[in-house]
Amino acid sequence: MEHPQPSTLSDLLHSPRPLTASVSLPFLSTPPPPPSHHSTDHRILTTLNRPTVIVGTLTLPTHTTPSSSHFPCSCFKFSDGSATVCCDILSFRLAAIGKQIRITAWNFIPFKHPGDRGSRTGFLEIIKWCFSDPNESNLADIFQFTPSFPGTNCNKGGKNFRAVHGVVKSVGPISIVPCATPASGVYDLNSSSKVNLLGFLVQLLCCECRLCGSRELVNNLRNGSFEIENVNGHSFTKMEILYFCGNASSFHPVMTKLIGSRVVVSGLKKKLVCLTKEESCLMYLTLDETVLRVCPRLEKLTLCLKSEIKGKGECGSYTGVIRGVYMKGMALELDNDVWFLLTDQLHTMIHGLRVGSIISMRNVHFVDPKFSWTKVVILGACVKTSIVLESFSPLETVFAGVMWFCSLQVC
């Protein structure tokens, strides 16, 4: 058996065409989309004639000081010492963040960066991977991060920490919010003394049982009495809002991957956030000591996130194959006469949405326009909508000149 040869990102960036090192490409089960001025000849990705392996580190995006004119990229990053590129990963595990991994099946799509004088970059689609250290495959999916929040001194408030146990319902887009932290401890988004704060909202369906009472859960996690694998006796019915703010905003791609998963988030602070002069909301904020734990996935916990298609504006999930991309990414044609429509450009950029990709859209609104000449279902996006790549495209197709897609998530 031929041993895989090492490849580097630097070598791939010099490739004139997209490449794949996957031995079994997921070919489309649906006919190709109708021709348009956006479409190409739909060539299959060029396959390398030898087994290869890429070794490097999977990391989170780095968000610098935000500005109203620039929204940071929220993709995972992969670096092998020769270069760093945006990436997406199948079979994601939280334990892989910051660890060295070996990638044995992948696609690489080179393109020119539109915002950096046309410099050459690329997007790595990780299909099959494993930990470089086999012992790390047994690591628990736990991660502690150190976000910064203006005016927060979390080293002195350990006894007031909170924790929640629930199923991730929705993940909002990353946004820049002018925020002030007065002495009262109420975070005022309407104050005249403001700083720009980067963050996003997560909705969790939480358990309110005795073991998951917010303060008791913290103690149970500390003394090891909380069995994260045991779901008996838990009921996920109460909606809670978590605000991943400051440096924790880099966790956006992680939380998007975890929609429908059961998680425990500890080291939180419960605060009243003033949205307007008349409106406020009680939510949990991430702190320096915040820890994210991913529980074993149980199918019965995800059923509540699905809904039947009736076409009356109800919210649910849909998985399909992209057959066409139109209007610079504002309209996606999917299989089974379904269209995904986006109505305004915000800031979250999603790579990899090409003809042939299988995508899962979470929290979209189903609308039947009741056209007299055809039967079609329209999926409308909102601020709770997320798009997850379930399978990468085997085709070379690109659109709008570059491989960038602006996720348009608005009400």
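**A tour of ring pairs and strands**

Select Phe131 to begin: this residue is buried, at 7% relative accessible area, where buried means under 20%, exposed over 50% and partly exposed in between, with a 1.4 Å probe and protein chains only. The model is predicted, so local features need pLDDT of at least 70 and side-chain atom pairs count only at pLDDT 80 or more, while totals for chains, interfaces and linings use all residues. Residues are numbered from 1 along each chain as its sequence is written, and side-chain values use heavy atoms, leaving out hydrogens and water.

Next, add Tyr326 and Trp339, whose ring centres are 5.5 Å apart with planes at 35°, so that they make a tilted pair; rings of Phe, Tyr and Trp (its six-membered ring) pair if their centres lie within 6.5 Å, and count as stacked with planes under 30 degrees apart, edge-to-face over 60 and tilted for the rest. Tyr326 is buried at 17% relative accessible area, whereas Trp339 is partly exposed at 28%. Tyr326 belongs to strand S17 (residues 312–326) and Trp339 to strand S19 (residues 338–341), so the pair ties together parts 13 residues apart in sequence; strands are DSSP runs of E, at least two residues long, numbered from the N terminus.

From S19, move to S22, which runs parallel to S19 and is joined to it by four bridges; two strands pair if DSSP finds at least two bridges between them. Here Val338 has Val377 of S22 as its bridge partner. Strand S21 (residues 358–367) pairs with S22 in the antiparallel sense over three bridges, and Val367 stands opposite Ile378 in S22.

Finally, select residues 377–380, strand S22, where Val377 and Leu379 on one side and Ile378 and Gly380 on the other are all buried.
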